[in-house]
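Please open the structure in your viewer and keep the selection panel at hand, since this tour moves from one selection to the next.

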Amino acid sequence: MPARLSKFSFEAPCMDYAHPWTDSCVSATTGLGLHSLQESLRIYTTVYIIAFLMRRKVPSKEDVKKTILGILQSTAFLSWSGFSYSLFICLLRRILGRFYMPTVSFLPSFLSSLSAIVIERASRRTLLCLYVSNIATETLFRMGVWRGYFSPIPKGEVYIFAVSVAVLLYLFRSKTNKQDQIYKILRMIVGPYEDTEYRMKKKPHAETSLRNTETDGAKSDTCRKHKFTILWKSFEAYKYIINNLKAQSKDASCPHPYSCAHYILADSVKMFSYGVCGQVALKLILQFKRLLQKPKLLKSTIFQRENLNLAVFLGGFAGLYRLVSCMLRRTFHQDSHIYAIPAGLVASVTFMAYPNTTIALYFMWKTLQLLWNNAVENEQVPQVKWFVILLYCFSTALLFHTAILEPQNLRSSYWRFLYNMSGGRIAVMSRIPLNVFGLETSKNLQQVLRKTKTTDQLSFSF
């Protein structure tokens, strides 16, 4: 529980708080801006190149040009955000004559974010807003818990995810015009047969199933001479199991081509394999340097039990969603987009195998965004023109305020991001004058530095 607010302002030159490494505001602002420029260019070059490669097509001159311009524009946005943050801190102190709690970090960050976000492409503003709002929501919750306003809810992220994904799946099954990226993610997890557009174009598949079973026998004749080998026997056994699964019963209202058993099990196994491969690949990428130094750790890195958590979540979610959906269709002998709600809630139980606050809050904010967009389309609420920009600025300002005054309530990954973007200046900024606010800021900073393995013992030329 923090101490009571003792003061609302303090009088000190910029050097005593904002840039103790130099007595020049211009020099401090320039130094932060140059380092932000360098780090921003590195970040966005990596991001844009990865996105470019994921398109898996031969680039044209126009594609290369757009990518380069995108890198430069996004770099300008992020680097200006860092440069103007320092600028507004010093500027507000000179105008007001002293530091007030809002002008220590919140207001300078809000103004710098407002001036920077207009530089970024309009198509990326919503994505950036969702990202910072996600972290800001978690930060607000931590601030409330730290102050004793409320207590953490066990498995709270599971409840958030369950409600959010149930609403999203309902929208996925009821809407026909789905352009948002979240619907592509849902289509990959629950399959294309649950999509409204597929059901509208649905055609009988019985003949296809029978034809595939018959042609399988013809194909086996060409390889009969290999039937005694272990490989061929395994293939025959696999084919026999799959064909038996496909031949099981299904309700006429089910949109999938084969049996419910095949629909549930086959796609669950596929999502499980995606989860294992994705988790292992991510660990190998994150520990690449370490594995180069100690190759013996490769085996233990790959065969960790934790690598199954994401797979259990994805495979279990896909399987339970399909199971509940098919059970409801068999019970009522009709299909309905309302089934997505109970199916999504039941399937969300598997999120306990891979509880992740970031994922839960992302789905929550996506749900709120899509519900708001639907309400605007149906003229139920008015459209707020600058809502995304203002929410982005407020969320970013809250995060910067927390990083300066209450760093213990900030997510460690975001603290490291600010630390790298500023070249460590976010840690070197003196917290001693801020102790007058009664938040024990300097003490909490030392705890964060130890936890994140960062340091405030740095020197800068400007």
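The stops below cover a pair of packed helices and then several charged side chains, all in a predicted model.

Begin by selecting helix α6 (residues 122-146) together with helix α18 (residues 387-405), which pack at an angle of about 40° with their axes 8 Å apart, and which are therefore oblique to each other. Turn the view until the crossing is clear, and note that the crossing of α6 and α18 is left-handed. To see where they meet, show the side chains of the contact, including L128, V132 and I135 in α6 and L391, Y392 and L398 in α18; by class, this contact has 13 nonpolar, six polar and one charged residues.

Stay on α6 and select E138 with R411, whose salt bridge brings the closest N and O atoms to 2.4 Å apart. Because E138 lies in helix α6 and R411 in the loop between α18 and α19 (412-421), the pair ties together parts that are 273 residues apart in sequence. E138 is buried, at 11% relative accessible area, and R411 also counts as buried, at 13%.

Next, select R322 and D267, which form a salt bridge with the closest N and O atoms 3.4 Å apart. This pair links helix α15 (residues 309-332), where R322 sits, to helix α12 (residues 260-286), which holds D267. R322 is buried at 1% relative accessibility, and D267 is buried at 16%.

Finally, select E39 in helix α2 (residues 25-53), a buried residue with a relative accessible area of 13%, and display N420 and M421, both of which E39 touches.

Conventions: Residues are numbered from 1 along each chain as its sequence is written. This is a predicted model: local features need pLDDT of at least 70, side-chain atom pairs count only at pLDDT 80 or more; totals for chains, interfaces and linings use all residues. Side-chain values use heavy atoms; hydrogens and water are left out. Axes are lines fitted to C-alpha atoms, for helices over the stretch in contact, and angles run from 0 to 180 degrees between N-to-C directions. Helices (H or I, at least four residues) and strands (E, at least two) are DSSP runs, numbered from the N terminus. Angles under 35 degrees count as roughly parallel, over 145 as roughly antiparallel, 65 to 115 as roughly perpendicular and the rest as oblique. A crossing is left-handed if the near helix is turned anticlockwise from the far one by less than a right angle, and right-handed if clockwise. Contact means heavy atoms within 4.5 Å. Ala, Val, Leu, Ile, Met, Phe, Trp, Tyr, Cys and Pro count as nonpolar, Asp, Glu, Lys and Arg as charged, and the others, Gly among them, as polar. Buried means under 20% relative accessible area, exposed over 50%, partly exposed in between (1.4 Å probe, protein chains only). A salt bridge is a side-chain nitrogen of Lys or Arg within 4 Å of a carboxyl oxygen of Asp or Glu. Lists of a residue's contacts leave out its neighbours within four places in sequence.
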